[in-house]
Amino acid sequence: MKQTPLLEFESSAFAVIPGEDEETNPGIYGQALAQWLAEQLRAAGFSPGAVIAEDFGWCVPIGSDAHSLYVVCASTGEKADQWQVFAFAQGGVMDRLFGNDQRASSLAPIFTAIRHCLESAPIIHGLREEA
């Protein structure tokens, strides 16, 4: 798995849906954020799939021919209005074996779009990037 830097921010715009953490680990929220971000990415020209729950957060699959791309949205667990987002790419085992790993170049445009969506939304505050 190859992933982008983590984007953290504050927003009270993403209400916790009752029972959503039953599909993730306890105390992990972000379904509303994932649904909102999927719509933002669709408007930016990407092809997001239906939001899915994973243990670590809510994932938005992104249509890609080269790799399996996902955007992950999750609460930080510290405060109700603190969130984190990152993208990751899976696949390309044969490409990695032969020194032709293109996952980073697949992730770059989606990371740029995510960052732009978050930066331009007035409901997002204190956006910061963690390495």
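The expected span of a helix is 1.5 Å times one less than its number of residues. The model used in these exercises is predicted.

**Exercise 1. The helix α3**

Compare the span of α3 with the expected span, then list which of its residues are buried.

Solution.
Step 1. Helix α3 has 18 residues.
Step 2. From its first C-alpha to its last, α3 reaches 26 Å, which is close to the 26 Å expected at 1.5 Å a residue.
Step 3. For burial the cut-off is under 20% relative accessible area. The buried residues of α3 are Arg 103, Ser 106, Leu 107, Ile 110, Phe 111, Ala 113, Ile 114, Cys 117 and Leu 118.

**Exercise 2. The nonpolar cores**

Describe the largest nonpolar core and name the elements that supply it.

Solution.
Step 1. The largest nonpolar core holds 28 residues, and the members that touch the most others are Leu 37, Leu 41, Val 71 and Ile 114.
Step 2. At least two residues of this core come from each of β2, α1 (31-43), β4 (57-62), β5, β6 and α3 (103-120).
Step 3. The element that gives the most to this core is α3, with 7 residues.
Step 4. Take Leu 37 as an example. Beyond its neighbours within four places in sequence, Leu 37 is in contact with Val 71, Cys 73, Val 85, Ile 114 and Cys 117.
Step 5. A second core, separate from this one, has 6 residues; Cys 59, Tyr 70, Val 72 and Phe 88 are among them.
Step 6. As background, nonpolar side chains in soluble globular proteins tend to be buried together.

**Exercise 3. The strands around β5**

Work out how β5 pairs with β4 and with β6.

Solution.
Step 1. Strands β4 and β5 are antiparallel and pair over 5 bridges. The hairpin that joins them runs through 5 residues.
Step 2. Across this pairing, Trp 58 stands opposite Cys 73 in β5.
Step 3. Strands β5 and β6 also run antiparallel, joined by 8 bridges. The bridge partner of Val 71 in β6 is Ala 87.
Step 4. The hairpin of β5 and β6 has 6 residues between the strands, and Gly 77 there takes a positive phi near 85°.
Step 5. Strand β5 is mostly covered, with 7 of its 8 residues buried.

**Exercise 4. Aromatic pairs**

Classify the ring pairs that involve Phe 88.

Solution.
Step 1. A pair of aromatic rings is described by the distance of the centres and the angle of the planes.
Step 2. The whole structure contains 4 aromatic pairs.
Step 3. In the pair of Tyr 70 and Phe 88, the centres are 5.1 Å apart and the planes 25° apart. Planes under 30 degrees apart count as stacked, and this pair is stacked.
Step 4. Tyr 70 lies in β5 (residues 68-75) and Phe 88 in β6 (residues 82-90), so their pair ties together parts that are 18 residues apart in sequence.
Step 5. Phe 86 and Phe 88 make a tilted pair, at 6.3 Å centre to centre and 40° between the planes. Both of these phenylalanines are buried; for Phe 88 the relative accessibility is 6%.
Step 6. Elsewhere, ring pairs link Phe 14, Trp 36 and Trp 83 into a cluster.
Step 7. Return to Tyr 70 for its wider surroundings. Beyond neighbours within four places in sequence, its contacts include Ile 52, Cys 59, Val 60, Pro 61 and Phe 86.

**Exercise 5. Cysteines**

Decide how many disulfides the structure holds, and where the nearest cysteine sulfur lies for Cys 73 and Cys 117.

Solution.
Step 1. A disulfide needs two cysteine sulfur atoms within 2.5 Å. The structure holds 0 disulfides.
Step 2. For Cys 73 the nearest cysteine sulfur is that of Cys 59, 8.2 Å away. Cys 73 counts as buried because its relative accessibility is 0%.
Step 3. For Cys 117 the nearest cysteine sulfur is that of Cys 73, 11 Å away. Cys 117 is buried too, with a relative accessible area of 7%.

**Exercise 6. Glu 8**

Is Glu 8 buried or exposed?

Solution.
Step 1. Glu 8 sits in strand β2 (residues 6-10).
Step 2. Its relative accessibility is 17%, so Glu 8 counts as buried.
Step 3. Apart from neighbours within four places in sequence, Glu 8 is in contact with Trp 83, Gln 84, Gly 126, Leu 127, Arg 128 and Glu 130.

Terms used: Residues numbered from 1 in each chain as written. Predicted model: local features only at pLDDT ≥ 70, side-chain atom pairs only at ≥ 80, totals over all residues. Heavy atoms only, no water. Helix = DSSP H or I, 4+ residues; strand = E, 2+ residues; numbered from the N terminus. Buried < 20%, exposed > 50% of the residue type's maximum accessible area, 1.4 Å probe, protein only. Contact = heavy atoms within 4.5 Å. Phe/Tyr/Trp six-rings, centres within 6.5 Å; stacked < 30°, edge-to-face > 60°. Core = buried A, V, L, I, M, F, W, Y, C linked by side-chain atoms within 4.5 Å. Pairing = 2+ DSSP bridges.
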